[in-house]
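Visitor: I would like to learn how to read a structure such as this one, feature by feature. Could you show me the model and then take my questions in turn?

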Amino acid sequence: MHQECNKFLKTFKLRYPIVQAPMAGVTTPEMAFAVAARGGMGSLSLSHVNLQKKSAVLEIGKALNVFLAEKGAVNAQNVNLNFFCHPIYPRPTTSQKENWKKLYSKILGSEELGTGFRFDNGNVSFQTIETKENLDILKSLLAFFQNKFTPGVISFHFGCPSSHFIEELKKLGISVFVTVTNEFEGEQVLKFGVDGIVCQGYEAGGHRGRFPDTDAKYDECLSTLCLFKKLKQLKVKLGSESFLIPAGGIMDSQTIQFYLDQGASACQLGTAFLAAKESQSCRFFRNLINSDDRKCTLMTPLPSGLPARTLLTPFIEKLVNLSHDEDLPPYGYRYSEFKSLRSKFPAMVDFNLCGQGVNQMEMGRDECLSSQEILSNLAQGLFIHQE
Ligand SMILES: Cc1cc2nc3c(=O)[nH]c(=O)nc-3n(C[C@H](O)[C@H](O)[C@H](O)COP(=O)(O)O)c2cc1C
């Protein structure tokens, strides 16, 4: 009954079929390490690394410091390193920058907004190092994964790298996972031979992994369950052996059990870990859960340039109401300027990515639970039929 799950546990030498989601700006190496050490799959987002710089590999080494220093304490097979793989966007035009400034001066007041905007690209896509000029960086990255740290999984969000690179990773014994949000993306990545598909439903927190070069008008906004079922059928049709990992709105062991019983290999959970002790957003979500504030979420592309599910706050409401479909800078450039605005006005500007399950977050009585406690509570009561 649980063949898929057993295969997943065996392949990655895991105790639990639970993947702690990579969450840019939230997950820490300590969180990924703790989850991996307890037998779940610990994920670390590396989307902040500027892959265009020669120092990229050094920076990745730094992010993995805790893993490299405590070699042996954790099985590298339990670790998932995550990159963004969106298209390479052009620099913003003058009118896009002006539109952005006008929008935010309506929200904050033009005197407040100030000057000195940079519109740097804060999210360099993995696709950048697949270009001819950056092949040296790609080679040094592969050498790093071969000689210094070989994770069990490398995963991609917002798209898929070339089939050539997927093959290179596989030669090193690394499995490749890609997030998809519909069956067309699923078909594409299955044909590329990826090892795992993260089936990200519309409930999910954070950025939607939809391949951004597809037309947003036709986004079906599939729920996690519906997407998972469609991909299960597709997998049978194509005779694929890939792992299917539902993600989105999964907050408790009953729901994990439900997906495992339906043939899922494992489940990926992000929001459930947002208030973990090792999370960068621990304090914020702890206060939120303990408050009477409303806990609704909204999918919007406005702050960053790509659709993301965020807490619906008075700021987000104002942004949505005052924006009228302006042509704004593309993702990466828009997001980095938004982040500097948020750091200048922390009391007025916010963007708290979380899923529809935010009100089901588990809290300790007096303080935040550790990632290991969250993992153990989720795993408790799971029944996996051994072959
Ligand atoms: C704060 C936050 C940041 C996220 N950042 C990433 C990321 O960097 N890479 C990625 O593949 N997915 C990212 N995601 C999406 C998660 O991988 C996962 O699909 C999602 O959390 C599952 O839905 P849930 O939040 O309802 O559990 C993020 C999610 C959240 C909540």
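Guide: We will go through the ligand shell, the nonpolar cores and a few loop residues, keeping in mind that this is a predicted model.

Visitor: Which residues around the ligand come nearest?

Guide: A shell is read by who belongs to it and who approaches closest; here it has 21 residues, of which P22, N82, G249, G270 and T271 come nearest. Among the secondary-structure elements, β3 (79-84) and β9 (267-269) each supply at least two residues of that shell, and by class the shell holds ten nonpolar, eleven polar and no charged residues.

Visitor: Which polar atoms lie close to the nitrogen and oxygen atoms of the ligand?

Guide: A nitrogen atom of the ligand is 2.8 Å from an N or O atom in the side chain of N82, while a polar side-chain atom of Q200 lies 3.1 Å from an oxygen atom of the ligand. The backbone takes part as well, since a backbone N or O atom of A24 lies 3.1 Å from an oxygen atom of the ligand. As for its cover, the ligand taken alone exposes 600 Å², and the protein buries 98% of that.

Visitor: How many residues does the largest nonpolar core have, and which have the most contacts inside it?

Guide: The largest core has 100 residues, and those with the most contacts inside it are F8, F67, F126 and F156. The largest share of this core, six residues, comes from α7. A second, separate core of 26 residues includes L113, F158, L306 and I316. To follow one residue outward, take F156, whose contacts beyond its sequence neighbours include N82, F83, F126, L169 and V178.

Visitor: Is S242 buried or exposed, and what does its side chain approach?

Guide: Burial is read from relative accessibility against a cut-off of 20%, and because S242 has a value of 5%, S242 counts as buried. S242 lies in the loop between α10 (224-238) and β8 (243-247), where a polar atom of its side chain is 2.7 Å from the backbone oxygen of V194. Leaving aside residues up to four places away in sequence, S242 touches L190, V194, D195 and K235.

Visitor: Where do F119 and C221 lie, and what is phi in each?

Guide: A positive phi is worth noting in a residue other than glycine, and F119, in the loop between α6 (110-113) and α7 (135-147), has phi near 50°. C221, in the loop between β7 (206-207) and α10, has phi near 55°. At 2% relative accessibility F119 counts as buried, whereas C221, at 31%, counts as partly exposed.

Notes. Residues are numbered from 1 along each chain as its sequence is written. This is a predicted model: local features need pLDDT of at least 70, side-chain atom pairs count only at pLDDT 80 or more; totals for chains, interfaces and linings use all residues. Side-chain values use heavy atoms; hydrogens and water are left out. Helices (H or I, at least four residues) and strands (E, at least two) are DSSP runs, numbered from the N terminus. Buried means under 20% relative accessible area, exposed over 50%, partly exposed in between (1.4 Å probe, protein chains only). A polar contact is a pair of N or O atoms within 3.5 Å; within protein, one must be able to donate a hydrogen and the other to accept it, and residues adjacent in sequence count only if both atoms are side-chain atoms. Contact means heavy atoms within 4.5 Å. A nonpolar core is a set of buried Ala, Val, Leu, Ile, Met, Phe, Trp, Tyr and Cys residues joined through side-chain atoms within 4.5 Å. A residue is near a molecule or strand if one of its heavy atoms lies within 4 Å of it. Accessible areas come from the Shrake-Rupley method with a 1.4 Å probe; for residues, only the protein chains shown count as cover. Ala, Val, Leu, Ile, Met, Phe, Trp, Tyr, Cys and Pro count as nonpolar, Asp, Glu, Lys and Arg as charged, and the others, Gly among them, as polar.
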